[in-house]
Amino acid sequence: MKRISWPTRITELPDRGGKLPDPAAQMRRIVLDETGRVLSSIEFARQLERWRDDGVREARFMIGAADGFGDAERDGADLLLSFGRATWPHMMARAMLAEQLFRATSILANHPYHREG
C-alpha cells in the first residue's frame, strides 16, 4: 500500500459487529465476492479511471469475513469483484487487492506494464 501514489486508507472491522464508515459523496462500493466479475489488471485500471473521470472521489473495497457477504451487501455494491472462483484467506485477498491497486495506479500513470499486449 505504501507504493500506491493515490491517497489510501485501510479500515478493518471485527468479523461480527463493527460499524462501517459513513458513505461519502461520490463513492463507489466494491465488494470482493467469488461470484463477482473477474477483471484483468488493465480492465480494473480502466474501471477506476472511468469512475475518477466521472468525479468519483472514493472507491471503497469490502473484503468479507469468513462467511463472506450477504445478499444485502452484494446488492448494494457498485461492483462485485472476484479474484477467481477459489476462496482466499482474508490476508491473501487483502494483499492481492493491494497489488491490483498498485498496478492500476501504475497503468494509469502510463508506466510500462509487462503483461500488456
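This is a short tour of a predicted model, stop by stop, with something to select at each one.

**Stop 1: the aromatic pair**

Start by selecting phenylalanine 44 and phenylalanine 61, and show their side chains. The structure holds 1 aromatic pair, and these two rings form it. How far apart are the ring centres, and at what angle are the planes? The centres are 6.0 Å apart and the planes meet at 55 degrees, so the pair counts as tilted. An angle over 60 degrees would have made the pair edge-to-face.

Now colour the chain by secondary structure. Phenylalanine 44 belongs to helix H1, which covers residues 41-53, while phenylalanine 61 belongs to strand S2, residues 58-62. The two rings are 17 residues apart in sequence, so their pairing ties together a helix and a strand.

Are these two residues buried or exposed? Phenylalanine 44 has a relative accessibility of 4%, so it counts as buried. Phenylalanine 61, at 19%, is buried as well, because the cut-off for that word is under 20%.

**Stop 2: around phenylalanine 61**

Keep phenylalanine 61 selected and display what surrounds it. Which residues does phenylalanine 61 touch, once neighbours within four places in sequence are set aside? They are Ile30, Leu32, Phe44, Leu48, Leu97 and Leu101. You have already met Phe44 as the partner in the aromatic pair. For a distance to try in your viewer, pick the C-alpha atoms of phenylalanine 61 and threonine 35: they are separated by 15 Å, with their positions 26 residues apart along the chain.

**Stop 3: two helices crossing**

Next, select H1 together with helix H3, residues 90-108. Two packed helices are described by the angle between their axes and the distance between the axes. Here the angle is about 70 degrees and the axes are 9 Å apart. H1 and H3 are therefore roughly perpendicular to each other. H1 passes H3 in a right-handed crossing.

To see who makes the contact, show side chains on both helices. On H1, look for Ser41, Ile42, Phe44, Ala45, Arg46, Leu48, Glu49 and Arg52. On H3, look for Gln100, Leu101, Arg103, Ala104, Ile107 and Leu108. Phe44, Leu48 and Leu101 should look familiar, since Phe44, Leu48 and Leu101 are also among the contacts of phenylalanine 61.

**Stop 4: a charge over a ring**

Select arginine 3 and phenylalanine 102. What sits over the ring of phenylalanine 102? The charged end of arginine 3 does, 3.9 Å from the ring centre. Then add glutamate 99, a residue of H3. Glutamate 99 and arginine 3 are 96 residues apart in sequence, but their C-alpha atoms are 9.4 Å apart in space. Glutamate 99 has a relative accessible area of 27%, so it is partly exposed.

**Stop 5: two unusual backbone angles**

Finish with the backbone. Most residues other than glycine have a negative phi. Glutamine 26, which is not a glycine, has a positive phi of about 55 degrees. Find glutamine 26 in the segment before strand S1; at 42% relative accessible area, it is partly exposed.

Now go to the segment after H3 and select asparagine 110. Its phi is also positive, near 65 degrees. Asparagine 110 counts as exposed, at 69% relative accessibility. Alanine 109 is also in the segment after H3, and it is partly exposed at 45%. As a last distance to display, the C-alpha atoms of alanine 109 and tryptophan 88 are separated by 29 Å.

Terms used. Residues are numbered from 1 along each chain as its sequence is written. This is a predicted model: local features need pLDDT of at least 70, side-chain atom pairs count only at pLDDT 80 or more; totals for chains, interfaces and linings use all residues. Side-chain values use heavy atoms; hydrogens and water are left out. Rings of Phe, Tyr and Trp (its six-membered ring) pair if their centres lie within 6.5 Å; planes under 30 degrees apart count as stacked, over 60 as edge-to-face and the rest as tilted. Helices (H or I, at least four residues) and strands (E, at least two) are DSSP runs, numbered from the N terminus. Buried means under 20% relative accessible area, exposed over 50%, partly exposed in between (1.4 Å probe, protein chains only). A charge sits over a ring if NZ of Lys or CZ of Arg is within 6 Å of the ring centre and within 35 degrees of the ring normal. Axes are lines fitted to C-alpha atoms, for helices over the stretch in contact, and angles run from 0 to 180 degrees between N-to-C directions. Angles under 35 degrees count as roughly parallel, over 145 as roughly antiparallel, 65 to 115 as roughly perpendicular and the rest as oblique. A crossing is left-handed if the near helix is turned anticlockwise from the far one by less than a right angle, and right-handed if clockwise. Contact means heavy atoms within 4.5 Å.
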